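Thanks for making the time, everyone. Please bring up the sequence and the structure, and I will talk through a few places in the backbone.

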Amino acid sequence: MFLNLNTECRFNLLSSYVPYTPEKDSLTACGIPISYDASKEWANKKVVLFSVPGAFTPGCSVRHLPGFINNLEKIKGKGVDIVAVIAYNDAFVMNAWSKANGVKNDDILFLSDVGTKFSETLGWTMGERTARYALIIDHGKITYAEKEASAGDVSVSGADAVLAKL
């Protein structure tokens, strides 16, 4: 799929997600996954969505996610309502990755791209995994969409690149 900037999103992101709750704050505590219809939840919001090939992998955990955690206030300061990360991993793994990185209160949503269906609609997968990319969606319109040329790169999908486009 070719992404035209400033056009309305015409795809659905139906995700599996474990919402944050203080009583399930421990890394070993399991919450219950729910369906999360981002297409509806994000319709009237400004959203930064970044995708990683896999939770707990070195590139994702060391080079990609930390930039968004460390720059969350700056990103939100640019009028962003929601910051979310997706990966092919299931909701339990994504929830554990959030906890392992100290992310609480759904400051960053950790969403499962169930069956990589969303990433496939973009044409941005790496075999069975999600590719590394970033989108800015402003009230239903894509204003930034970039995919890394190589899975190991974190440049156009990183927090600094996204901040520069907000």
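**Two loop residues and one helix**

Let me start with His139, which at 46% relative accessibility counts as partly exposed, because that value lies between the 20% and 50% cut-offs. Please keep in mind throughout that this is a predicted model. His139 sits in the loop between β9, residues 133–138, and β10, residues 141–147, and although His139 is not a glycine, its phi is positive, at about 50°.

The other residue I would like you to look at is Asp106, which is likewise not a glycine and yet has a positive phi of about 55°. Asp106 is placed in the loop between α4 and β6, and with a relative accessibility of 28% Asp106 counts as partly exposed.

Now to helix α2, which covers residues 58–70: at 1.5 Å a residue, its 13 residues should span 18 Å, and the C-alpha atoms at its ends are 17 Å apart, so the two values agree. Where, then, does α2 bend? The bend, of about 30°, is at His64, and a proline, Pro66, follows within four residues.

His64 is also one of the buried residues of α2, along with Gly59, Cys60, Ser61, Leu65 and Phe68. As a reminder, an α-helix has 3.6 residues a turn, so residues three or four places apart point the same way. As for what covers the buried residues of α2, the elements include the strands β4 (46–51), β5 (82–87) and β6 (109–112), together with the helices α3 (72–77), α4 (91–100) and α6 (159–165).

Note on methods. Residues numbered from 1 in each chain as written. Predicted model: local features only at pLDDT ≥ 70, side-chain atom pairs only at ≥ 80, totals over all residues. Heavy atoms only, no water. Helix = DSSP H or I, 4+ residues; strand = E, 2+ residues; numbered from the N terminus. Expected span 1.5 Å × (residues − 1). Bend = angle between axes of the 7 residues up to and from the residue. Buried < 20%, exposed > 50% of the residue type's maximum accessible area, 1.4 Å probe, protein only. Contact = heavy atoms within 4.5 Å.
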